[in-house]
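Please walk me through this structure, beginning with a charged side chain and its partner and ending with the way the strands are put together.

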Amino acid sequence: KMKIIFKNINEIEVPQVLPVLDLNGDLVRYLRKHGISAFNWPDYELPDQVKNDNINFYYSHYFNEKIVCLPIHQSLNKDHINYIIKVINKWISI
């Protein structure tokens with residue numbers, strides 16, 4: 001259902017999101033329904049030329065639907081992170 005894209009990061013990096021592949025296509029909707037501010041990427045930042053041509057930009061459209069950014073920013077506390085994990089585990093078990 002879900003695949004981690006990056007398993008390691010540089011120790012000096014401070015990411016704001018964890019990008020994952022949503023192989024089912026409904027993770028963002030599910031997380032938002034449960035109050036988690038995940039989003040697809042690039043979503044609205046996809047250039048118009050690409051957005052209007054799914055034939056020549058098939059993979060761009062595919063990844064636009066499949067890449068999900070999970071919040072992991074510094075203001076999340078342990079309870080927030082545990083809640084996100086709990087919700088994702090529930091989604092995986094459905």
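**Charged pairs and the sheet**

With a relative accessibility of 26%, Asp26 counts as partly exposed, because that category covers values that are neither under 20% nor over 50%. This statement, like those that follow, concerns a predicted model. Asp26 takes part in a salt bridge with Arg29, in which the closest N and O atoms lie 3.9 Å apart; the criterion applied requires a side-chain nitrogen of Lys or Arg within 4 Å of a carboxyl oxygen of Asp or Glu, and the pair of Asp26 and Arg29 is therefore counted at its distance of 3.9 Å.

The structure holds two salt bridges, and besides the one formed by Asp26 and Arg29 there is one in which the side chains of Lys51 and Asp48 meet, with an N to O distance of 3.8 Å. Lys51 and Asp48 both belong to helix H2, which comprises residues 48–51, and because they are three residues apart in this helix, about one helical turn separates them. As for their surroundings, Asp48 is exposed, with a relative accessible area of 53%, whereas Lys51 is partly exposed, with a relative accessible area of 36%. In general, side chains of opposite charge can pair when their charged atoms come close.

From these pairs the description turns to the strands. Four strands form an open sheet in the order E1-E2-E4-E3, and their pairing is antiparallel. At the edges of this sheet are strand E1 (2–4) and strand E3 (39–40), each of which pairs on one side only.

Helix H3, made up of residues 58–66, packs on the sheet and touches E2, E3 and E4, while its direction makes about 30 degrees with that of E4.

Within the sheet, E1 and E2 run antiparallel and are joined by three bridges, and here Lys3 stands opposite Leu21 in E2. Strand E2, which spans residues 17–22, also pairs with strand E4, which spans residues 67–71, in the antiparallel sense over five bridges. Which residue of E4 does Leu21 stand opposite? Leu21 faces Ile67 across this pairing, so that Leu21 has Ile67 in E4 opposite it as well as Lys3, while Leu18 stands opposite Leu70 in E4. In a regular strand, side chains alternate between the two faces of the sheet.

Definitions and conventions:
Residues numbered from 1 in each chain as written. Predicted model: local features only at pLDDT ≥ 70, side-chain atom pairs only at ≥ 80, totals over all residues. Heavy atoms only, no water. Pairing = 2+ DSSP bridges. Helix = DSSP H or I, 4+ residues; strand = E, 2+ residues; numbered from the N terminus. Contact = heavy atoms within 4.5 Å. Axes fitted to C-alpha atoms, helices over the stretch in contact; angles between N-to-C directions. Buried < 20%, exposed > 50% of the residue type's maximum accessible area, 1.4 Å probe, protein only.
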